[in-house]
Amino acid sequence: MPLLTLQDAQLAYGELPLLDRASFALESGERIGLIGRNGSGKSSLLGVIAGRTALDDGELRKRDGLRIALVEQEPVPPWPAVEKKHRLAEFLHRFGLDEDVSRTTLSGGEAKRAALAHAFALEPELLLLDEPTNHLDIDGIVQLENLLLKQPAAIIVTHDRAFLDRVATRILELDRGQLFSFPGNFSRYETLKANQLAIEAVAQRKFDKFWAQEEAWIRKGIEARRTRNEGRVRRLEHLREERAARRERAGSVKLAIGEGQRSGKLVAELAHVTKSYGARPIVKDLDLLVTRGDRIGLIGPNGAGKTTLLKLILGALAPDSGAVRLGTNVQVAYFDQMREGLDPDKTLAESVESPRKHVISYLADFLFPPRRASSPVRMLSGGERNRLLLARLFARPANVLVLDEPTNDLDIESLELLEAALQDYSGTLLLVSHDRAFLDNVVTQTIAAEGGGAWKEYVGGYSDYLRQRPAPAPLTRGERAAGERGVREKFRLKLSYKEMRELEALPAELEALEAEQKELVARMHAPDYYRQPPEALRADQARNAEIEALLHEKLERWEALERKQKAANS
């Protein structure tokens, strides 16, 4: 029996419904990644499931006694009481917090970690997480991933693609009020989604062609009335209603970064730079050279001093000792993670100056319709504020672009478009981000906090940094003994010979099925495909559905065997 079932759900907060007869079911053991455009209704759907928001119509059925915990995007204490206090202390420590931490003095990042600790300590059967990686550093994200892999069931709203690749067993996309299900993780979703969009485009073209033919027939007037084909007239009226009701996919953000004059070859040079706050070293004896065209990512735990290092590089903060030299003709555009650059009382139009086109048209490139141009900034959601700040930033000519946590609150599609724009940018880029996929796709150098104020430079993105960083210190005798006990305990989890052969064969089987599906879809998209007999069309559709089911089954089996193998090897 499913943990919960949503049937024909309807929910609206304005012109277009957030849920439009949407349906899905959640089984125990599933970890669903819920994705969709900013404003599509993902948080509202979590609120419905948590019982905080009522549907306009439709039905939500839950298993009797189902324990649900929700961690909101911006959690605010107090949180539900936890009966097992030792469990709460355990999870607070896992997220780097003291069990006596005061709820009244929590920062945004600490509040998120405390809320996550409370949610896990409640031991829910279903955990609902709304953008859980915002404000977490990479170590915190990895800790959250490890905990979620043991969670009975979860629905997670996130834009972190690496997170979804590791955690999700199914992707649920909220698009134009409908829920679309894709088995597997985010990488698998991207493949399946591309096929779905191609099929949808073909279907819409055929619909529009048929509708145009019927409209041409009715315009003949006399012939239509003479034939008295009332059924055909009613069918046309139905087609008109269907076409009017069809909600097209929202447009894409059009990102183009304004590039100023070329800077000199040298952008910034740091020589023996040291900076401390009290007795705590942030940067210690750092030598760094930033040259024109460098694409540098800064990584490290929360509080390591990434923003401080940025300000030292830009000359906006004086070091305690050492020297900082800036190059010539350096034009900086700075994206601030705290959104301090936006005046909440100004309108969107007043917040942006575009030298290249009219401000209304420029805002439309960032998915702000003309009617929103006169709205105050304070009315925007987190994702909309991010898009507005990017719009203002990219309107300015700059040859040094500084982005401090730009990915928070952006939907995945906008995130990928931002990546593409940055890849085309010829200036110098300094980036602070906890998004591992974003770092891999954008930067060519990584500067990592090593602790105690030490920073070290690595070639490549985050994955390259993981391969190059020093190996951990050798284990003590006690740690080795504990590890040996763990190995003995996990030996019983080792794959059998038959399972090993099955695991080795699955990639080739999946590849063969995907190749067959690709060939089948290409054939179904051919211009003369529908001239075939109906039974041939039905056979192709049945085989396509069969392949999809087999892919789902084999992918789940592959993941199960890999999990067992990792458990035995870890």
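The exercises below, each with a worked solution, concern a predicted model of a protein.

**Exercise 1. Confidence and overall make-up**

Find which element of the protein has the lowest mean pLDDT and which the highest.

*Solution.* Begin with the whole chain, where the mean pLDDT is 83 and 84% of the residues reach 70 or more. The protein has 18 helices and 18 strands, and among its elements helix α16 (residues 477-491) has the lowest mean pLDDT, 49, while strand β7 (residues 154-157) has the highest, 97. A stretch with pLDDT under 50 runs over residues 486-492, for which the model has three contacts beyond four places in sequence. For the protein in general, 45% of the 570 residues count as buried, and residues 24 or more positions apart account for 70% of the contacts with a separation of 6 or more.

**Exercise 2. The largest nonpolar core**

Determine which elements each supply at least two residues of the largest nonpolar core, and which of them gives the most.

*Solution.* The largest nonpolar core has 40 residues, of which L363, L388, F394, L401, L403, L422 and L431 touch the most other members. Elements that each supply at least two residues are β14 (332-335), α11 (359-365), α12 (382-395), β15 (400-404), α13 (412-424), β16 (428-432), α14 (436-442) and α15 (462-468). Helix α12 gives the most to this core, with seven residues. Apart from this core lies another, of 29 residues, which includes V71, A114, F120 and L129. To look at one member of the largest core in detail, take L431: with neighbours within four places in sequence left aside, L431 is in contact with I296, G297, L298, L403, P406, F438, L439, V442 and V443.

**Exercise 3. Aromatic rings**

Classify the arrangement of the rings of F182 and Y189 as stacked, tilted or edge-to-face.

*Solution.* A pair of aromatic rings is described by the distance of the centres and the angle of the planes. Ring centres must lie within 6.5 Å to pair, and planes over 60 degrees apart count as edge-to-face; by this rule there are seven aromatic pairs. The rings of F182 and Y189 have centres 5.0 Å apart and planes at 85 degrees, so this pair is edge-to-face. Both F182 and Y189 are buried. Elsewhere, ring pairs link F91, F95 and F120 into a cluster. Charged groups also sit over rings, with the charged end of K193 lying 5.8 Å from the centre of the F180 ring and that of R387 lying 5.0 Å from the centre of the F368 ring.

**Exercise 4. A buried acid and two positive phi values**

Decide whether D404, E131 and R176 are buried or exposed, given that buried means under 20% relative accessible area, and describe the setting of each residue.

*Solution.* D404 has a relative accessible area of 1%, and therefore counts as buried. D404 lies in strand β15, and its side chain makes a polar contact of 2.8 Å with the side chain of T307, although D404 and T307 are 97 residues apart in sequence; their C-alpha atoms are 7.3 Å apart in space.

E131, at 7% relative accessibility, also counts as buried. E131 is placed in the loop between β6 (126-130) and α4, and its phi is near 50 degrees, a positive value in a residue other than glycine. R176 is buried too, with a relative accessible area of 18%; R176 lies in the loop between β8 (170-175) and β9 (178-183), and has a positive phi of about 55 degrees although it is not a glycine.

Methods. Residues are numbered from 1 along each chain as its sequence is written. This is a predicted model: local features need pLDDT of at least 70, side-chain atom pairs count only at pLDDT 80 or more; totals for chains, interfaces and linings use all residues. Side-chain values use heavy atoms; hydrogens and water are left out. Rings of Phe, Tyr and Trp (its six-membered ring) pair if their centres lie within 6.5 Å; planes under 30 degrees apart count as stacked, over 60 as edge-to-face and the rest as tilted. Buried means under 20% relative accessible area, exposed over 50%, partly exposed in between (1.4 Å probe, protein chains only). A charge sits over a ring if NZ of Lys or CZ of Arg is within 6 Å of the ring centre and within 35 degrees of the ring normal. pLDDT is the predictor's confidence in each residue, from 0 to 100. Helices (H or I, at least four residues) and strands (E, at least two) are DSSP runs, numbered from the N terminus. Contact means heavy atoms within 4.5 Å. A nonpolar core is a set of buried Ala, Val, Leu, Ile, Met, Phe, Trp, Tyr and Cys residues joined through side-chain atoms within 4.5 Å. A polar contact is a pair of N or O atoms within 3.5 Å; within protein, one must be able to donate a hydrogen and the other to accept it, and residues adjacent in sequence count only if both atoms are side-chain atoms.
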